[in-house]
Structures are given as structure tokens and as C-alpha cells.
Amino acid sequence: MKCAEVITPHDVSPEAAISAILSHGGPVLLDLDETLYLRNSTEDFIDSARPRLPALVLMRMLDAVKPWRWTGGETTRDVWRVRLIATCFPWTVRRWKNQVTGLAKNFTNLRLMEALKTPGTTPIITTAGFQPIVAPLVAALGLPQAQIIAARLSTFADRRNGKLHRVVGALGDDTVRRALVLTDSAQDLTLLNACARPLRAVWPEARHQHALSGVYLPGQYLTHVKRPGARYIVRGILQEDFALWVLSSMALAALPLLHVLGLLFLLVSFWAIYERGYVDNDLIAARFEADPKLSAAFLDSQVATPRWQPWIWAFACGAIAIALLRWPMTPVPTDFAAWVAVLLATHGWFALYNRFDKGARIWMFAGLQFARSAAFVALVPIALIGAVALGAHVLAKWVPYYVYRLGGKEWPEAPFHLIRLMFFVVLALLLGLSQGLTSLLSWTALALLVWNLFRARQELAAALTTARRLDRTDTRPPP
């Protein structure tokens, strides 16, 4: 992505850039993306992949693996993305060639293109984009004879070495030293420093549209807007809520593998609706709260947030989950009715929560955490000790929120896992005292205790390390 917010010594207005081109007598080197072409050619190429949903899933899987870590870092990310799209959706290349005429018509930088019509001005297109993508686009822009210096898809080196290396290799040092270079990217600073007329202009008409941003996929809002950079799906959902779902119910499952798979589909179903509550929460906060707590990504987010598609995902994944959880038996209508009721109740409670003041939210928050922790119980039986673990989880989630709402301006640094461990032990002991200690003698109880201890290991170690006995501390004043 272009770094328009970075300031360089070569920053000029678009008008000054056009005047400089009109008066320059040497070579003119033009950036393509968001300069001559007012969008990003790589993103638009990926966006042309069909079908869109599988393409988006593929891109998200790639982002999770991050193979560019081994090929030169973030600069080589687009090489992986374009290669994967071209390999898995080979018809995209043909679709792209058919689309460039329309894209060029709608997104050509007309002011800049008019300046290039001056006799003797033949621009050289220097771009970080890829040759097979930009060549038909440049021709559609009306410059079929222009020389193009672009990155190759056959190697990572072009992206690693940068634009200056490619330009010098193609044109030579002397041409670069006499050239006017116009770009919008601060990443081209080395090329700008090497030329005669360095110009960096950010065009207000330019738009960086992320590929496939109009496609809905559960979890995207959570990952990119609500909790960006936090890996919350893995750390906060799979390693916490989902782990509890599995540990609390696995002992009663006839087919463990199908049971876990069914719970996973049930999780997707539930979170499609719960995530919609987050979207509504941000929209209500932005509209009605004086000091809304919104992430920086909220204002410029390009994540799709449709109203009805989450319900389609929720119903479809819920139906698959029920079929897996009931296998080899046939699901009954009450199973589907029960799960639909859970989804509707969760959606309604979240909507109410979003519309009440902060004082009321203190108590309503516990209901949201109960839904997250125990929604699956509407379809899946759990052990009694599993109910204790779920209760401890809800209480441990609620306590920091209670402290936050009562006086803190920031979320408190509470040892969540240690709090949950304490609640689990206390509630489990109460269960044992009331029902007999044999109620605690099960593999489920042991698994939940070990899991809670493991998750709280660092917080528990820190608490033990800092603990001091008052009766063994030397409090005598120094002589």
C-alpha cells in the first residue's frame, strides 16, 4: 500500500508536478498505480478473480501463513498473492484483459494524461506492479508504445531489490540522472534521490481499493476493524471459547472427530451473528457517543458488513453443525429451532446492549459473555464440571469489564487466566462439597483443571514470585 501520509523532501502538489513535466526536457519516468492510473493494478487484478468468495478465502489463508517471511518480507507479499490467484483461478488473466478497457476509462488520471500529450514527451512507466498485469492496462490507458519497467512474477528479486535497481538496469545511470521522476509513493525515495527532477505528488482522486473488499466473510470485521493486529480469532476465540466448548462436552460425544468438527461449524454460525453485534456497536457508538472507543481502522475500513449475509452463513453453518453433531441419527426440527432461537436471542441482546447507557451495560455484558461461552449447550450435552468451567469463564470475563466501567478509562490489566482458574477451583470445590467429591473424579474435570492451569501458568508464576510473607519481612529500622 502506498504511504501517502509520509513526508519527503520531494513532495509537491499535483499542479506543480504537471508544470514540471511540461517544462522538463529530459526523460519522464512515471509511476503507474495511484498516479497515472488512479487505483492499484495488483489489487484490481486480484479483485477480478471469480468466484470471489473462494478467492477471498485463499487470500486470507495466505495472509495467515505469510510465506513471504521466507522470500524477503512484506515487499514480496504481492508476488505470492498474484501467483496464487493466477494458478488457482487461471481464467483471471483473461478476465483482466477484458476489464482493463473499462478500468482505464474510469480511472485514468486525465490531468496527467493531458500533460503527456505535449510533443516530445514520451513517458517511461516505472512501477512496482507486475508486467503481465500492467502491460494491457498501460495500452488501454492510451500509451501502447510506452516503455514499461515493471516487476516480474517469475522472481522475488525484483520486489526485494526495489524500483531503482530495476530502472538503472533497464535505462542506465545516465538516463536516471537526467530524468524527471513522478510518483506518489514514499517507497520510491531512493529513485527520487537519484534523478534530476524528483517529484512526489499525492493525487486526491486516487483510491486504494483492497482486493475483494466487497466480499463478506465471517471474522473479517473482527480481525481488521474491531481488534486489528490482535489475532483475536486464534487467541480469544479458538484458544478460549472453543477450547471450553470441546473440553466441556467431549466426554459425552459418541464420535469425537465429528463432534469437534460440528462444534467448529457451530462456532462459525454463532460468530457470524455475534460479529454483526460488534458492527452495530461501532455504528451506534460513532453516531451517539460523545467519546466513542473506535479503532483507527473503523474510519477507513473497506471490510464488507452486509446486513443479511451473516444470517445466511449462520443458518448454513448451523445446519451443517447439527447434521455432524447428530450423526448417524437424523436431526429433528427442534434442533434447528433451538439453534435459531439462540442466534435470535444473541442478536437481540447485543442490539439492546448497544443501545443502553454504560451503567446498564455493566450487567448486560454478562449476558453477552454467557452467550459466547454457553450457546452450544442448546444442542450439546455437557458434564456438570463443564458447566462449572463455563461459569468460571463468564465471571472472569465480566470482572475486568465491571472494573473498567466503574472507573477505569482503559481496560484494566487484569490476570484473566488466573482469575478464571480461581473461579473454577472455587466453584468446583462447591460442587464437590454439595454433590460429593466423586463428582470431581472424571477425565473432564482433570482436563479442565490442567487446561486452566496451563493457560494461567505465566500469571500464576508472576503472582507467586511477587508474593511476600509479612511475618518474615525484616521491618526493623536501620541502625
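This briefing describes a sheet, two helices, several loop residues and one buried threonine. The structure is a predicted model. Its sheet is open and has five strands in the order 3-2-1-4-5, paired in parallel. Helix 3 and helix 15 each have buried residues gathered on one side. Cis peptide bonds precede P51 and P328.

**The sheet**

- Strands of a sheet pair through backbone hydrogen bonds, in either a parallel or an antiparallel way.
- Strand 3 (147–151) and strand 5 (197–200) form the edges, each pairing on one side only.
- On average, neighbouring strands of the sheet are turned by 15 degrees against each other, with direction ignored.
- Strand 1 (residues 28–30) runs parallel to strand 2 (residues 123–130), and three bridges join them. V28 has P123 of strand 2 as its bridge partner.
- Helix 7 (residues 131–140) packs on the sheet and touches strand 2 and strand 3. The direction of helix 7 makes about 140 degrees with that of strand 2.
- Strand 2 and strand 3 also run parallel, joined by four bridges. I125 is paired with I148 of strand 3 in one bridge.
- Although strand 3 is an edge strand, it is mostly covered, with four of its five residues buried.

**T183 in strand 4**

- T183 belongs to strand 4 (residues 180–183).
- The relative accessible area of T183 is 1%, so this residue is buried, the cut-off being under 20%.
- The T183 side chain makes a polar contact with the side chain of D188 at 2.7 Å. The side chain of T183 also reaches the backbone nitrogen of S185, at 3.1 Å.
- Apart from neighbours within four places in sequence, T183 is in contact with D31, T35, K163, D188, L192, L199, R200 and A201.

**Helix 3 and the loops around it**

- The 14 residues of helix 3 (52–65) reach 20 Å from the first C-alpha to the last, close to the 20 Å expected at 1.5 Å a residue.
- The buried residues of helix 3 are A55, L56, L58, M59, L62 and D63. They cover an arc of only 160 degrees around the axis, which puts them on the same side of helix 3.
- M61 and A64 are exposed on the other side of helix 3.
- The cover over the buried residues of helix 3 includes helix 2, helix 4 and helix 12 (220–226).
- In the loop between helix 2 (41–47) and helix 3 lies P51. A cis peptide bond joins R50 to P51, with omega of about -5 degrees.
- Helix 3 is followed by K66, in the loop between helix 3 and helix 4 (77–88). K66 is not a glycine, yet its phi is positive, at about 55 degrees.
- K66 has 37% relative accessibility and therefore counts as partly exposed, since that class lies between the 20% limit for buried and the 50% limit for exposed.

**Helix 15 and the loops around it**

- Helix 15 (residues 309–326) has 18 residues, which should span 26 Å at 1.5 Å a residue. The end C-alpha atoms of helix 15 are 26 Å apart, in agreement with that value.
- Buried residues in helix 15 are P310, W311, A314, C317, G318, A321, I322, L324 and L325. Their arc around the axis is only 160 degrees, so they sit on the same side of helix 15.
- Helix 14 (256–288) and helix 16 (333–355) are among the elements that cover the buried residues of helix 15.
- L299 is placed in the loop between helix 14 and helix 15. With a relative accessible area of 77%, L299 is exposed because the cut-off for that class is over 50%.
- L299 and L217 are 82 residues apart in sequence, and their C-alpha atoms are 20 Å apart in space.
- P328 is in the loop between helix 15 and helix 16. W327 and P328 are joined by a cis peptide bond with omega of about 5 degrees.

**E34 after strand 1**

- The loop between strand 1 and helix 2 holds E34.
- E34 has a positive phi of about 60 degrees, although E34 is not a glycine.
- E34 counts as buried, at 5% relative accessibility.

Notes: Residues numbered from 1 in each chain as written. Predicted model: local features only at pLDDT ≥ 70, side-chain atom pairs only at ≥ 80, totals over all residues. Heavy atoms only, no water. Pairing = 2+ DSSP bridges. Helix = DSSP H or I, 4+ residues; strand = E, 2+ residues; numbered from the N terminus. Axes fitted to C-alpha atoms, helices over the stretch in contact; angles between N-to-C directions. Contact = heavy atoms within 4.5 Å. Expected span 1.5 Å × (residues − 1). Buried < 20%, exposed > 50% of the residue type's maximum accessible area, 1.4 Å probe, protein only. Arc of directions from axis to C-beta. Polar contact = N/O pair within 3.5 Å; in protein donor to acceptor, adjacent residues only side chain to side chain.
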